[in-house]
Amino acid sequence: MPGERKPMRYGHSEGHTDVCFDDAGKYIVTCGSDGDVRIWESLDDDDPKSINVGEKVYSLALKNGKLVTAASNNTVQIHTFPEGDPDGILTRFTTNATHITYNRSGSRVAAGSSDFMVKVVEMYDSSQQKTLRGHTAPILSVTFDPKDEFLASASCDGSVAVWKIEEQTQVTSWPLLQKSNDVINAKSLCRLAWQPKAAKLLAIPVETTVQLYQRDSWAQVGTLSDDLGTQAINVVAWSPCGKFLAAGSIGGLLTVWDVESKLCVERQTHEKGYTVCGLAWHPLGGQIAYTDTEGCLGVLDGLSSSSSSSSTTASSTTTKQAPASYNDLFDDDDDRPMDEGISEGTCSPAKNPGDEDDDDDLIPATGRARNRSAFLDDENSLDTGSLKQGLDKFVDDDDSAIVPPAAAAAPLWPVYDGPMPTPPQKAFQPGSTPAHLMHRFMMWNSVGIVRGYNDDQDNAIDVEFHDTAVHHAMHLTNSLGHTVADLSQEAVLLACPGTDELASKLQCLHFSSWDTNKEWMVDLPKGEDVQALCLGQGWAAAATSALILRLFSIGGVQRELFSLPGPVVCIAGHGEQLLVVYHRGTGFDGEQALGVQLLQFGQKRRQVIHGEPLPLSRKSHLSWLGFTAEGTPCFIDSEGVVRLLNRSLGNMWTPVCNTRDNCKGKSDHYWMVGVHENPQQLRCIPCKGSRYPPTLPRPAVAVLPFKLPLCQTTTEKGQMEEQYWRSVLLHNHYGFLSSSGYEIDEEGQSQAQKEQQELLMKMFALSCKLEREFRSVELAELMTQNVVTLAIRYASRSRRMALAQRLSDLALEKANQLQGEEPQEEEEEEPLQYTRRNTGYSQSSSEMGADRQHSSHRQAQEEVVDEEQGQEEHMDEGDVAESKRQGLNPFAKGTAASPEKPSPKPVSKEGRVNPFKVSSGLGRSGSAGGQNRVTNVLDSMMLSSKKPTALLSSSGSTGKLNKTPFLKPLAPRPKTKTQSTLLHMNTPKAANKKAVEEPAVCRLKQTEAPPPASPAENVENKKHKSGFQLWLEDNRRIILADNPDLEETDVIKEAIGRFRTLSADDRLTWTERAKGQSGDVADMKKRKRGEEENRGDKNGQSEADETRQSEADETSAKKKKPFDTSAKLSAFAFNKN
Amino acid sequence: MDPSEVEFLAEKELVKIIPNFSLDKIYLIGGDLGPFNPGLPVDVPVWLALNLKQRQKCRIVPPEWMDVEKLEEIRELERKEDTFTPVPSPYYMELTKLLLNHASDNIPKADEIRTLVKDIWDTRIAKLRLSADSFISQQEAHAKLDNLTLMEINTTRSFLLDTLNCMYKLRSNLQPGSSGGKAQDHQ
């Protein structure tokens, strides 16, 4: 059977407990010996509402919003539900009541007491009491006849009696139980239960069985037993439909019988074998809640009788409902003989009518024949009438046993049983505890703590800083009722929801302000509430219920605002980055559908992540969102999985830790307060048995390590792989930081690089030891050139000549690349650069533009040289420049060519052709001619370049030089624009083409012999340049920093070595980026060119317009082209080779 | 040995603090401390913790055993057993004194803890006196006591040794000639 036992959870302190559901089945209500009544929204409810009703609670009953409890002060009290306000005392006994119960309508309450009496009290007039006297020992339990005529009670005197309520007389009595002198000593609680609806049967737990007595005749008509039940049954409960009976025993065994067939349909054992002392059936069936004497609450879900209570139930019922599996089910069903179906066929038609209308004719003696239909009926009886119709059919079908399952299915199940939509998670502040708490953390982040108090005496907010150097602690009265807060080094941001009279307010305490006004406040438009807010560096953001995200400067100036694609979940800020998570749509079956946007402000404003889905664990929700201290976006879901944005992998999210792995208990969690990449730390607060910490005692922060979920991390290999990739991932931020113009810890960076190389070397040695030479080479490909030489040495020493040979080939290839392609210098730090591009995309593109311009100038000068020298090879830049120049000239001049289609063609041709030509030339990169040219170029360039010495070394170096000046100032250069206008247009195209070509080229290069390879390399260089030029700026600086003494060529070699270590994937992504960038650049350049033309063109405005148009055409053509051109190019390359 | 010297030794024990300032690692003869990150727990010797606490530069996280429930357990055990039970820390008394005197605001239920530790201390000292008494009265030559802390030994040392010396002198003076001294001593 498909019942699913959910893990128990702590509910009350040790001792007797009781449980029931509210009328709608929405809440589970428990009571315990700690005197509390707890109202649980579900088993997973971490914060159940507690009502204290006395020192101890012995029993409770709930109906019509009135909660009746039997407390240790000898009274039976009423509380309202769910508010929990006391609503008077219903009755009193001379000692405590032991069991209370409602009648079916909720108009009366029966209470049994230790003073041997049973009282029946009218709910609405507690003076109208009926007292049933006759038991000679404390009452164990009472139960109403659903028809309100009788009442049954069990007592410690060993008898079970039935009373006529009106006459207050005993109708009958059976001596069924063992005698005892008190409830505590009774062997069983003997909770009686009267069958609902039909009211035909009274179930009495007797020892290990349940005896069924028939109404009116008061004769025993059946016994339910279970072979496995060896211990006395404590409680019994009927399913709401009256067809099933659940029982909980002393030994923790939960059994569900089908009463007609007397078959056990469900059997579960308590996970710890504690005594079950409370048992309640969900009003819609399908779920049983139970409690034990240790105060734990458990739920048995997915019982056969419901189809609506929860998604799991739904799914389990679906399987059952599917006619195909239906029969199987019954075959499986315990000891049911196979021939049963036949007898059923004969029996059930007769019974059907009654069955559907009512359960009147339901008699246990009917036995198995009716089992199936009854079962079925039960499944649906909870649902609507429409279901019942379907049910009829099904029963018929079933009886005839001929109808194909598929046909039966369609009419049968009109109710939607597909995936159920998940309620969307509410907006929250990462690092805050739930708003309904009286004492809560409104924010706990790496700067400090904001605590909110909202109790009788005080409504206040405390702000405290981890580092008292930032600011002293603050205490604010919270007269506005702020509910959300954020805290940064500069300010405290608070917001409150609007009320009928007052608009939602945003309040900022800008404590770092240098003037005397440290505070500002903004009212939001009527009807718009702040739902989430965050602080960045110099700005604040608030997401509102109107799906608008509003930006403010930290001083209170309103800035941009924009619409969000969906209701906000939370937002986080860091530096100039803003991370927004919102609902993309409706999730199903427990999943949330969240989208994420990452925006970058500052000089280059752009969107880095464009609303992609946020990858959460299954059936989890977002529980924390933020940035690492280094500025990498990061989030944690409710399953405890920490994911970090991997900027070097196309902005994908990489799981870096599962905090739940570190938890000791099942209900323990870690509550995140901060993430640091260097040192690698997850700072969180361990919470025992909850998801978030209390404010007192003050929780202590713990530090968790990162751990990538790689395979086989128990093995040495797995460990090293994990370390390597963790190191790579967690040092991505260097690239990002440097690209966004922050100072980076060069030492740390080089240390990280060293560590990575060491790990590679270790892995290399390990795979050598394991005779995995292929793998060794793969690892060697990740290494820098220096380390490869080490690897060669290692291989040759360990007498693996084949391996050493391959490695030396590899080293050679790398060296070749170095010499051939100076641009590779830039690739030295490829991963970093990638990240830079991603993050600092717009910036770099602008820089690139600037570079291009310079290079174009150079090229223009060089052109002459080129023409003279023919195909002499330039450095990448040279090539690019040439191509650009050629392409540019037509456009720049605004000649006839530009407006027409042909013009793009020539350009493209040039772009394509040039690379190759150049490449052929490039093969001889060292040639004097090239250098001459370079120097020429350089002469022109010198002014801009910072290092004159570098000029001499090589064209590549010149490229670098050009770039270097641009690198440092992150902002694009206005100067270059005018000059570069001519060149701009072409460069982007060339870049595009190159980028497209690159993959093909790379392949060629690798496969081919050196001479052909060199052209390919050249091409690649060009590509690199296109991508590179942006990149070079950064590279150059780094290289110089690392090797201040190196000459340019050496630097380049070094760079090549490093570049080699990059994986093919990395290179690919690199080229792709280059493409994208170049596209952007192209657009920019076009515009510029247009301007220039306007100014300079002799032909006048009209022509300029034309040219612009042509440019536009061109750009569009380009945009379309990439694929075509790339295909052509690659084809061309192949042909050539 | 002076009690203050014992306390001095106890100050070498490590305790967790949560600093509210940021400082790089500091390198001392006794070892490196830090780095100190605001809000992040770090282990430092008690002397430094107290110093920082006095300057309001940190919050002290009480040691794990400094908890009412755990101490109650220890107290019960100590009362039940005739011998000395192991204590949570070899410097439990000193640490309790130091921390409660200087950082009681960081320790929940400080008063209860103080009482509990005092109870434990009293119980143990009583046992110590008792055993010293039986040691002397039975005229044993040697005895072994496990799980005593330095401070406890220190409280009884000077007095016990002096007493023993004194008794020795008295006894040897009492019967300069007789040889079966001990048996008679007893009477």
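Q: A salt bridge is a side-chain nitrogen of Lys or Arg within 4 Å of a carboxyl oxygen of Asp or Glu; how many are counted between chain B and chain A?
A: The count between these two chains is 0 salt bridges.

Q: What kind of model is this, and how are its parts labelled?
A: It is a predicted model, in which local features need pLDDT of at least 70 and side-chain atom pairs count only at pLDDT 80 or more, while totals for chains, interfaces and linings use all residues. Residues are numbered from 1 along each chain as its sequence is written, chains are lettered from A and ligands numbered from 1 in the order in which they are written, and side-chain values use heavy atoms, with hydrogens and water left out.

Q: How do you know that chain B and chain A are in contact?
A: Contact means heavy atoms within 4.5 Å. By that rule, 10 residues of chain B are in contact with 9 residues of chain A.

Q: What makes up the area buried between the two chains?
A: Buried area is the accessible area (1.4 Å probe) that two parts lose on being put together, summed over both. Chain B and chain A bury about 870 Å², with 56% of it on carbon and sulfur atoms. Asn20(B), Leu40(B) and Arg59(B) supply 49% of the area that chain B buries against chain A, more than any other three residues.

Q: Which classes of residue does the side of chain B that touches chain A divide into?
A: Ala, Val, Leu, Ile, Met, Phe, Trp, Tyr, Cys and Pro count as nonpolar, Asp, Glu, Lys and Arg as charged, and the others, Gly among them, as polar. On that basis this side of chain B has 5 nonpolar, 4 polar and 1 charged.

Q: Why is E38-E39-E40-E41 of chain A called an open sheet, and which strands are its edges?
A: Strands are DSSP runs of E, at least two residues long and numbered from the N terminus, and two of them pair if DSSP finds at least two bridges between them. Here 4 strands pair antiparallel in that order. Strand E38 (530-535) and strand E41 (558-563) each have a single partner strand, so one side of each is left without a neighbour in the sheet. Neighbouring strands are turned by 20° against each other on average, direction ignored, using axes fitted to C-alpha atoms and angles that run from 0 to 180 degrees between N-to-C directions.

Q: How do you know that E38(A) and E39(A) pair?
A: The rule asks for at least two bridges, and 5 bridges join E38(A) to strand E39 (residues 539-544). One bridge partner pair is Cys534(A) with Ala541(A) in E39(A).

Q: What makes strand E7 (57-63) and strand E10 (86-92) of chain A edge strands?
A: Each pairs on one side only. They belong to an open antiparallel sheet of 4 strands in the order E7-E8-E9-E10. Within it, 4 bridges join strand E9 (residues 75-80) to E10(A), and Thr75(A) stands opposite Arg92(A).

Q: Why are Phe116(A) and the bond before Pro35(B) worth a look?
A: Because most residues other than glycine have a negative phi, and most peptide bonds are trans. Phi of Phe116(A) is near 75°, a positive value. Gly34(B) and Pro35(B) are joined by a cis peptide bond, with omega about 0°. Pro35(B) lies in the loop between strand E3 (31-33) and strand E4 (42-45) of chain B.
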